[in-house]
Amino acid sequence: MEFEANLGRDAQGRLFIPATQRPDGTWRSVKYVKEGYVPQEEVDSYRSKGKIFSEGVKAVGVPGYSGPSSTSFSKPTNADLATPALSKSQKKRQKKKGKKSADEFTIEEVTDHITREVEKVEITESDNPADKEKKKKNLNKKLKAILDLLAKVEDGDITPDSDQIEKLSRRGEIEAQLAALK
């Protein structure tokens with residue numbers, strides 16, 4: 001590069017750009033630079049990957065296109081011309097004709113399908129101790145609420161309505177479930 005020819009070394013071996021005179025007669029000072037320094041005027045401007053690619057495409061042409069050749073194109077035959085291409089809407093209509101709409105299913109078919117799916121489902125109780133503890137805690141909570149309600153009724157603080165009477169009637173059932181878990 002011509003720039004490297006203008007660089008100098010001082011007595012200690014440091015690289016520097018010597019002082020130069022401007023067109024108006026003033027002088028630029030000496031600038032010390034590191035090894036491998038390239039001035040900004042000589043650095044290539046940035047080009048993005050897209051720009052580099054587009055320049056390559058212009059030089060090469062469209063990727064994968066080899067130009068017209070006699071083997072790649074053939075005349076259409078009579079069979080090709082006899083069957084017209086279907087439009088987009090015609091293709092959709094043919095597709096719809098092949099499917100059954102939801103309205104066309106009978107109630108018996110739907111109920112049969114649902115019962116078959118329900119029969120496949122299995123409900124099992126977990127043997128996980130954490131699940132048992134959770135269930136015990138839940139039942140104890142319900143039992144405590146029932147006992148609190150019973151205490152209020154016995155003290156005469158409240159008169160139970162139909163929901164509260166139903167809740168009080170479930171006491172034996174909850175105690176039985178708790179006994180089965182313990």
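These exercises work through the fold, helix packing and salt bridges of one chain.

The model is predicted: local features need pLDDT of at least 70, side-chain atom pairs count only at pLDDT 80 or more, and totals for chains, interfaces and linings use all residues. Residues are numbered from 1 along each chain as its sequence is written, and side-chain values use heavy atoms, with hydrogens and water left out.

**Exercise 1. Describe the chain as a whole.**

Solution.
- Step 1: list the elements. The chain has eight helices and three strands. Both are DSSP runs numbered from the N terminus (helices H or I, at least four residues; strands E, at least two).
- Step 2: put them in order. Along the sequence the pattern reads α-β-β-β-α-α-α-α-α-α-α.
- Step 3: look at burial. Of the 182 residues, 8% are buried. Buried means under 20% relative accessible area, exposed over 50%, and partly exposed in between (1.4 Å probe, protein chains only).
- Step 4: look at contact range. Among contacts between residues at least 6 apart in sequence, 32% join residues at least 24 apart. A contact here means heavy atoms within 4.5 Å.

**Exercise 2. Work out how helix 6 packs on helix 7.**

Solution.
- Step 1: choose the descriptors. Two packed helices are described by the angle between their axes and the distance between the axes. Axes are lines fitted to C-alpha atoms, for helices over the stretch in contact, and angles run from 0 to 180 degrees between N-to-C directions.
- Step 2: read the values. Helix 6 (residues 129-155) and helix 7 (residues 162-169) have axes that come within 9 Å and cross at roughly 120°.
- Step 3: classify. Helix 6 is therefore oblique to helix 7. Angles under 35 degrees count as roughly parallel, over 145 as roughly antiparallel, 65 to 115 as roughly perpendicular and the rest as oblique.
- Step 4: assign the hand. The crossing of helix 6 and helix 7 is left-handed. That term applies if the near helix is turned anticlockwise from the far one by less than a right angle; clockwise is right-handed.
- Step 5: name the residues. Helix 6 contributes Ala145, Ile146, Leu149, Leu150 and Val153, and helix 7 contributes Gln164, Lys167 and Leu168.

**Exercise 3. Repeat the analysis for helix 6 and helix 8.**

Solution.
- Step 1: read the values. The axes of helix 6 and helix 8 come within 10 Å and cross at roughly 150°.
- Step 2: classify. Helix 6 is therefore roughly antiparallel to helix 8. Helix 6 passes helix 8 in a left-handed crossing.
- Step 3: sample the contact. Its residues include Leu139 and Leu143 of helix 6, and Ile174 and Gln177 of helix 8.
- Step 4: follow one pair. Gln177 and Leu139 are 38 residues apart in sequence and 7.9 Å apart in space, C-alpha to C-alpha. Gln177 is partly exposed, at 33% relative accessible area.

**Exercise 4. Examine salt bridges and the exposure of their partners.**

Solution.
- Step 1: count. The whole structure holds seven salt bridges. Each is a side-chain nitrogen of Lys or Arg within 4 Å of a carboxyl oxygen of Asp or Glu.
- Step 2: take Asp10 and Arg14. Their closest N and O atoms are 3.2 Å apart. Asp10 is buried at 18% relative accessibility, whereas Arg14 is partly exposed at 43%.
- Step 3: take Glu117 and Lys120. Their closest N and O atoms are 3.3 Å apart. Glu117 and Lys120 are three residues apart in helix 5 (residues 107-120), so about one helical turn separates them. Glu117 is partly exposed at 35%, and Lys120 is exposed at 58%.
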